[in-house]
Amino acid sequence: MVVVPEEVKEAAMGLRYPGENTRVIHQYRRDGSVCSSDAAMSVMRSHDGWVFNCFRCGLSGFLPLEDRDPKATKESIEKKQIDRRPCWTVALPTDAVPMWGEWNNKAPVKAFTWLYKYGVGDDDIKQHRIHWSPLYNRVIIPVYKFLNTKDKIQAKLLGWVGRDVDWKKGDKGQKYLIKKINGTEFRFVIQGSTDKVLVVEDVLSAIRVHNATGYTAVALLGHGITTTLLNQFRRADTLFIWLDRDVLTKAINYADKARQIGVPAILVNSELDPKLYSADEIRTLISFKKGV
Ligand SMILES: [Zn+2]
């Protein structure tokens with residue numbers, strides 16, 4: 001049983017929302033000595049508590065939510081409310097390392113294997129800024145919103161999707177972990193040609209169908225197709241809806257919704273996930289539908 005250091009408990013008070021994190025000095029080692037003079041201890045709020053990890057001595061563990069001092073919680077909440085922040089911000093895990101360039105040896109082979117298996121290569125990893133988090137043991141895919149301003153395109157981080165690469169069917173843990181800003185339309189969008197738009201369910205499928213076609217690709221990430229989303233694609237001449245087979249009824253409804261606002265929608269029906277097809281197969285599946 002790992003004893004939770006005092007500085008971790010203190011830091012936890014200030015981290016109210018999942019995704020928030022900080023670094024502190026790891027002072028209180030068991031023998032009373034100081035571990036490091038730099039902020040080597042990372043503390044991260046998860047849904048049900050705080051994960052801590054010291055990059056110097058390797059001490060790591062978990063502080064469950066219910067262990068937090070209720071009085072201190074109240075004080076911390078009151079202090080936060082004075083800030084009157086309209087919404088909270090989101091950050092990548094503090095320990096996340098890029099999986100491209102000079103850092104690419106920091107991620108384990110299994111992380112690359114998982115991506116390569118679905119045809120997501122080094123260029124895609126770099127383009128989409130895919131990271132690895134040792135603490136979460138997950139591949140971290142950031143989700144950005146790109147804002148077109150007068151002279152530049154600004155990227156705003158909306159959150160991230162973390163995939164447990166060890167996850168297997170029947171496992172108890174979560175396959176996907178999602179951290180996001182509350183109340184935003186959380187979709188992964190790759191901008192391509194604007195007259196054709198492909199809607200799929202997951203990020204890797206979006207990357208694959210975009211690479212195969214050059215069309216704009218959207219991953220729904222477990223959400224539905226909303227009117228707000230459809231309005232972004234009003235100018236499209238074709239909206240391909242390519243979802244898993246078990247949600248066919250939903251897909252039909254989405255297509256109806258699109259047609260109602262004047263966006264021609266085509267359902268793509270396939271045996272497997274889009275990411276499991278080759279680029280040629282993806283193009284065939286799409287153009288076949290185009291001809292119908
Ligand atoms: Zn330490």
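Trainee: What share of the 292 residues of the protein chain counts as buried, and what makes a residue buried?

Mentor: In this predicted model, 32% of the 292 residues count as buried. A residue earns that word if 20 or more other C-beta atoms lie within 10 Å of its own.

Trainee: Which residues of helix H1 are buried, and why are they said to be on the same side?

Mentor: In H1, residues 6-13, the buried ones are Val8, Ala11 and Ala12. They cover an arc of only 105° around the axis, so they sit on the same side of H1. The face turned away from that buried side carries Glu6 and Glu10, which are exposed.

Trainee: What covers the buried residues of H1?

Mentor: The cover includes strands S1 (21-24), S2 (41-46), S3 (49-54) and S4 (60-64).

Trainee: Let's move on to the cores. What makes the largest one a nonpolar core, and where does it lie?

Mentor: A nonpolar core is a set of buried residues of kinds such as Val, Leu, Ile and Ala, joined through C-beta atoms within 7 Å. The largest has 54 residues, and Val197, Leu198, Val199, Ala206, Leu239 and Ile241 have the most contacts inside it. Helix H5 (residues 203-213) gives the most, with six residues. Because domain 2 (88-186) and domain 3 (188-292) both give residues to this core, it lies between them.

Trainee: Which residues does Val199 touch?

Mentor: Leaving out residues up to four places away in sequence, Val199 touches Val218, Leu220, Ile225, Leu239, Phe240, Ile241 and Trp242.

Trainee: How many residues are in the second core?

Mentor: That separate core has eleven residues, among them Val43, Trp50, Phe52 and Leu59.

How values were computed: Residues are numbered from 1 along each chain as its sequence is written. This is a predicted model: local features need pLDDT of at least 70, side-chain atom pairs count only at pLDDT 80 or more; totals for chains, interfaces and linings use all residues. A residue is buried if 20 or more other C-beta atoms lie within 10 Å of its own, exposed if 12 or fewer, and partly exposed in between; C-beta atoms are placed from the backbone. Helices (H or I, at least four residues) and strands (E, at least two) are DSSP runs, numbered from the N terminus. The arc is that of the directions from the helix axis to the C-beta atoms. Two residues are in contact if their C-beta atoms, placed from the backbone, lie within 7 Å. Domain bounds come from an automatic or database domain assignment.
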